[in-house]
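Let's take a walk through this structure together, moving from the inside outwards. Have the coordinates open so you can click along as you read.

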Amino acid sequence: MKKIEAVIKPFKLDEVREALSEVGVTGLTVTEVKGFGRQKGHTELYRGAEYVVDFLPKIKIEIVVADATVEPAIDAIVKAARTGKIGDGKIFVTTVESVVRIRTGETDEAAI
């Protein structure tokens with residue numbers, strides 16, 4: 001099992017969710033986060049004053065999938081989240097040792 005964490009632009013969330021659903025991902029966790037990479041933030045004008053926005057709003061999606069679903073899920077995220085511009089995001093994949101569904105006590109792949 002693998003945990004996939006994707007940091008994407010907020011307006012791409014619905015497209016990514018639909019793409020993941022099409023490849024069989026049944027659940028996900030979404031968190032509103034802030035950060036920056038190569039974008040390094042930007043400047044904005046507010047009431048005549050210019051100020052620097054260091055951290056940009058992003059969405060972090062977390063899913064846990066069976067090993068066979070990892071590549072289709074990554075492909076779905078990349079296709080749905082890509083705009084071709086800087087700041088499209090990143091995907092991180094880590095190994096999951098164990099999963100337990102609290103309600104039923106199911107473990108590992110039965111629990112995802």
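Keep in mind that you are looking at a predicted model. A good place to start is the largest nonpolar core, which has 18 residues; those that touch the most other members are Ile4, Ile8, Val16, Leu20, Ile61 and Ile63. At least two residues of this core come from each of β1, α1, β5 and α2. The largest share belongs to α2, which supplies seven residues.

Pick out Ile63 to see how such a residue is surrounded. Setting aside residues up to four places away in sequence, Ile63 touches Lys2, Lys3, Ile4, Leu20, Val25, Gly27, Leu28 and Ala73.

Now turn to helix α1, which spans residues 13-22 and has Val16, Ala19 and Leu20 buried. These three cover an arc of only 100° around the axis, so they sit on the same side of α1. The spacing fits a familiar rule: an α-helix has 3.6 residues a turn, so residues three or four places apart point the same way. What lies over the buried residues of α1? The cover includes β1 (2-8), β5 (56-65) and α2 (70-81). Just past the end of α1, look for Gly24, which takes a positive phi of about 100°.

Next, step back to the loop between β1 and α1, where you will find Lys12. Is this lysine buried or exposed? With a relative accessible area of 9%, Lys12 falls under the 20% cut-off and therefore counts as buried. Its side chain has polar company: a polar contact of 3.2 Å joins it to the side chain of Glu15, and the side chain of Lys12 also reaches the backbone oxygen of Ala80 at 3.5 Å. Apart from neighbours within four places in sequence, the residues in contact with Lys12 are Ala80, Ala81, Arg82 and Thr83.

Finally, follow the chain to the segment after β6 (89-95), where Arg101 lies. Arg101 has a relative accessible area of 27%, so this residue is partly exposed. Which residues does Arg101 touch, not counting those up to four places away in sequence? They are Glu106, Ala110, Ala111 and Ile112. With Glu106, the link is a polar contact between the two side chains, at 2.4 Å. As for Ala111, it is ten residues from Arg101 along the chain, and 5.1 Å separates their C-alpha atoms.

Technical notes:
Residues numbered from 1 in each chain as written. Predicted model: local features only at pLDDT ≥ 70, side-chain atom pairs only at ≥ 80, totals over all residues. Heavy atoms only, no water. Buried < 20%, exposed > 50% of the residue type's maximum accessible area, 1.4 Å probe, protein only. Helix = DSSP H or I, 4+ residues; strand = E, 2+ residues; numbered from the N terminus. Arc of directions from axis to C-beta. Contact = heavy atoms within 4.5 Å. Core = buried A, V, L, I, M, F, W, Y, C linked by side-chain atoms within 4.5 Å. Polar contact = N/O pair within 3.5 Å; in protein donor to acceptor, adjacent residues only side chain to side chain.
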